[in-house]
Amino acid sequence: YRRQTTSGFMYQVTKVLPFPVARSGKTLIAYENYLFQLRQYIHYYETQTKLSFETEAGRDQLASYKKRALDDVVNLAYTKMIAEEKGVSVSTQEIDEQIRIAKEQKRLGSSDDIFEDVLREYWNWSIDDFRRSLSNELMVQKVTLALDSDTENRAKSALARLEAGEDFAVIAKEYSDEELTREAGGEFGEVDPTNRNVSQQTVDTLLKLEPGQYSGIKAIPYDSGYALEIVKNLENVGNGARGARIIFKLKDLAGPLNDLKDKKPYRLYISLPE
């Protein structure tokens, strides 16, 4: 605890011995979870940006990463408390679906071997590590949705009006929370499987639609949080399509997490520099 080592050896030790990094009531937050988060940051910045943590700037950056990693694992622990209360879980099939989309769009390589190489090169992850990260992300997304029935009901109302025959562009202008596309009736331009300007989920949904067809309500990562969206294929273009969408931003999870922390305070077992 005093040295707060991030070595590979210590990481393996924490996988076997359940050292806590924090605790809330009977809930222990494992040191291994903290190192899992922190070590990906360290590996990425050391290998991809060539940042040296031996310099003063590097040490400051490392202190920032440590705080971020600790915040992440504490927030995830409280998110899982809410998930248990709400009956929210993430299935193997949901994780497989995200991996399928990433592979089909070649976001992490064009073959299984390249996919694994990219994970190792950028984050020092195995496939299991990647699946773990996806599971955590999907858990946060699903809990965010479970706590925001108002936004979900808005999306259902918009979808009902579309199903009743109202014009997509009119509904987008009335409902969409995306300022950039709202006045254009939700139109966001052309995308194909290699596009990186919108989420991989949006691209996957759009390219499965026939021209003139719109999707159901889908949850996606959006900005620094999450949103619901309805996507429409305006026309096929080459191997892609021109699309429009209606975005419903979900409320940030920070508020409910802070409320729960007030009700169930946690104790840290390590101290980080200010």
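Helix 2 and helix 3 cross in a right-handed sense, and their axes come within 8 Å at a crossing angle of roughly 145°. This is a predicted model, so let's walk through it with that in mind. Both helices lie across strands of an open sheet of 3 strands, and both help to line the largest pocket, which holds about 1,400 Å³ of space.

**The helix 2 and helix 3 pair**

- On the helix 2 side, the contact is made by N33, Y34, Q37, L38, Y41, I42 and Y45.
- Facing them from helix 3 are L62, Y65, K66, R68, A69, L70, D72 and V73.
- Sorted by class, this contact counts 10 nonpolar, 2 polar and 3 charged residues.
- R68 is a residue to keep in view: it takes part in this helix contact and is also among the residues nearest the centre of the largest pocket.

**The sheet of 3 strands**

- The strand order is 2-1-7, with antiparallel pairing, and the sheet is open.
- Its edges are strand 2 (27-30) and strand 7 (267-268), each of which pairs on one side only.
- Strand 1 (residues 20-24) and strand 2 run antiparallel and are joined by 4 bridges.
- One pairing to look for is P20, whose bridge partner in strand 2 is A30.
- Helix 2 (residues 31-48) lies across strand 1 and strand 2, at about 35° to strand 2.
- Helix 3 (residues 56-86) lies across strand 1, strand 2 and strand 7, and its angle to strand 2 is about 145°.

**The largest pocket**

- In all, 43 residues line this pocket, and those nearest its centre are R68, S133, N136, E137 and Y226.
- Several elements supply at least two lining residues each: helix 2, helix 3, helix 4 (92-104), helix 6 (127-146), helix 10 (200-207), strand 5 (225-237) and helix 11 (254-263).
- Which element gives the largest share of the lining? That is helix 6, with 9 residues.
- The lining divides into 21 nonpolar, 15 polar and 7 charged residues.

**The second largest pocket**

- The space in this pocket is about 390 Å³.
- Its lining is made of 15 residues, with E97, Q98, Q201, K218 and A219 closest to the centre.
- Two or more lining residues come from each of helix 4, helix 6, helix 10 and strand 4 (218-222).
- Helix 4 contributes the largest share here, 5 residues.
- By class, the lining has 4 nonpolar, 5 polar and 6 charged residues.
- Helix 4, helix 6 and helix 10 serve this pocket and also appear in the lining of the largest pocket.

**The sheet of 4 strands**

- This open sheet has the strand order 3-6-5-4, again with antiparallel pairing.
- Strand 3 (187-191) and strand 4 are the edge strands, each pairing on one side only.
- From one strand to the next, the twist averages 45°.
- In the interior of the order, strand 5 and strand 6 (residues 240-249) pair antiparallel over 10 bridges.
- K232 stands opposite A244 of strand 6.
- Helix 8 (residues 168-175) lies across strand 5 and strand 6, running at about 35° to strand 6.
- Two strands of this sheet also reach the pockets: strand 5 gives residues to the lining of the largest pocket, and strand 4 to that of the second largest.

Conventions
Residues are numbered from 1 along each chain as its sequence is written. This is a predicted model: local features need pLDDT of at least 70, side-chain atom pairs count only at pLDDT 80 or more; totals for chains, interfaces and linings use all residues. Side-chain values use heavy atoms; hydrogens and water are left out. Two strands pair if DSSP finds at least two bridges between them. Contact means heavy atoms within 4.5 Å. Axes are lines fitted to C-alpha atoms, for helices over the stretch in contact, and angles run from 0 to 180 degrees between N-to-C directions. A crossing is left-handed if the near helix is turned anticlockwise from the far one by less than a right angle, and right-handed if clockwise. Ala, Val, Leu, Ile, Met, Phe, Trp, Tyr, Cys and Pro count as nonpolar, Asp, Glu, Lys and Arg as charged, and the others, Gly among them, as polar. On a 1 Å grid over the protein atoms alone, a cavity is a set of points where a 1.4 Å probe fits but cannot get out, and a pocket is an open set with protein on both sides within 12 Å along at least five of seven lines; lining residues have an atom within 4 Å of a point. Grid points are joined across faces, edges and corners, and a volume is the space filled by probe spheres set on the points.
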